[in-house]
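Here are some points for a colleague opening this entry for the first time. Please read them alongside the sequence and the model.

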Amino acid sequence: MASSEAAAPPAGEPAPRVVDECRGVLFVYSDGTVARRAAPGFATPVRDDGSVEWKDATFDEARGLGLRLYRPRDWERRAGRRLPVFFYYHGGGFCIGSRAWPNCQNYCLRLAADLGALVVAPDYRLAPEHRLPAAIDDGAAAVLWLAAQARGGGGDPWVAESADLARVFVSGDSAGGNIAHHLAVRFGSPAGRAELAPAAVRGYVQLMPFFGGAERTRSEAECPDDAFLNRPLNDRYWLLSLPEGATADHPVANPFGPGAPALEGVEIAPTVVVVGGRDILHDRAVDYAARLKAMGKPVEVRDFEGQQHGFFTIDPWSDASAELMRVIKRFVDSDGRFD
């Protein structure tokens, strides 16, 4: 499926029409072409007070994939030790989003400042041009890039001078939360941990993870049409991102669906699952955490009553976002232990 601006059709042929659209950013045409706008369809100013420095780096040269690194400018005076590493994978239903979007930038600036961490915000390939599991593969590649910086010298100077690779945390918002789940499964095995050495993941934070299923949950069935993430958009994301012909019970969408790998024997690092009371994904995420906890996995839910999908990136300075930052900071400061 080509990704480009829609070209003019030959004379006498009807113009391609838009058959799918996501948030005024992604347009899929009847002839199979895809057009994207670089900027999001909402205006959000970046609030950068200068207390955090940031830069971009490339983690996959062949695919042109980059990431953005953030750290407090006064990091050398903080706590007298290296900074924990905190990954943040953006949301967008696997179809839209970027590390450079202002909502992502604002959230990462606050993460770096409040956590006192080296924040790593990778991009990943987007659907429908690159259907799943491409995004999950790219998510793994970004974590492996971090580990590679410590091998053989010549790595990124910020990682070399300020990162504590023994204290890595992996987080993601919505689609990024789904990525975090799959990385927890991959890197929880002995082979996965060896693959990451000398880096070690201490914990995961899944922020309103984007899971699916053929059978509706109550929060999906009762989701109002004016929700930030509603049923039509939720279903459109899966239609565009899953392998052609797959349903929402595909293993990349539904960790407990038919054909999904059994998780009973998987070692999963401590995981915080954050949900919002008004989020369409609320019940599915709560059920996900409950099932893992019943298997003896170290998983806890933090339920933010009355909050909608993505509240922490919509307004990173709200009272609810401040409480979320406190939850995450306690988790990171305790090296993956719960309150």
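1. Pro-133 sits in the loop that connects β7 to α2. This is a predicted model, and in it the peptide bond between Leu-132 and Pro-133 is cis, with omega about 15 degrees.

2. The loop between β7 (118-122) and α2 (134-148) also holds Pro-128. Here too the bond before the proline is cis: omega from Ala-127 to Pro-128 is near 10 degrees. Most peptide bonds are trans, so both places deserve a look when the backbone is checked.

3. Two residues should be checked for their phi angles. Most residues other than glycine have a negative phi. Phe-94, however, has a positive phi, near 65 degrees. Phe-94 belongs to the loop between β6 (83-89) and α1 (102-115). Its relative accessibility is 1%, and because buried means under 20%, Phe-94 counts as buried.

4. The second of these residues is Met-208, whose phi is positive as well, near 50 degrees. Met-208 is found in the loop between β9 (201-207) and α6 (218-221). With a relative accessible area of 1%, Met-208 is buried.

5. In what order do the strands of the eight-stranded open sheet follow one another? The order is β4-β5-β7-β6-β8-β9-β10-β11, and the pairing is mixed. At the edges are β4 (52-60) and β11 (299-304), each of which pairs on one side only. From one strand to the next, the twist averages 20 degrees.

6. Within this sheet, β6 and β7 run parallel and are joined by three bridges. One residue pair to look up is Phe-86 and its bridge partner in β7, Val-119. Strands of a sheet pair through backbone hydrogen bonds, either parallel or antiparallel.

7. Which strands does α2 lie across? They are β4, β5 (65-72), β6, β7 and β8 (163-173). The direction of α2 is at about 165 degrees to that of β6. The loop leading from β7 to α2 is the one with Pro-128 and Pro-133, each preceded by a cis bond.

8. Helix α4 (residues 175-188) lies across β6, β8 and β9. Its angle to β8 is about 135 degrees. Strand β6 is thus listed for α4 and also for α2.

Definitions and conventions
Residues are numbered from 1 along each chain as its sequence is written. This is a predicted model: local features need pLDDT of at least 70, side-chain atom pairs count only at pLDDT 80 or more; totals for chains, interfaces and linings use all residues. Side-chain values use heavy atoms; hydrogens and water are left out. Helices (H or I, at least four residues) and strands (E, at least two) are DSSP runs, numbered from the N terminus. Buried means under 20% relative accessible area, exposed over 50%, partly exposed in between (1.4 Å probe, protein chains only). Two strands pair if DSSP finds at least two bridges between them. Axes are lines fitted to C-alpha atoms, for helices over the stretch in contact, and angles run from 0 to 180 degrees between N-to-C directions. Contact means heavy atoms within 4.5 Å.
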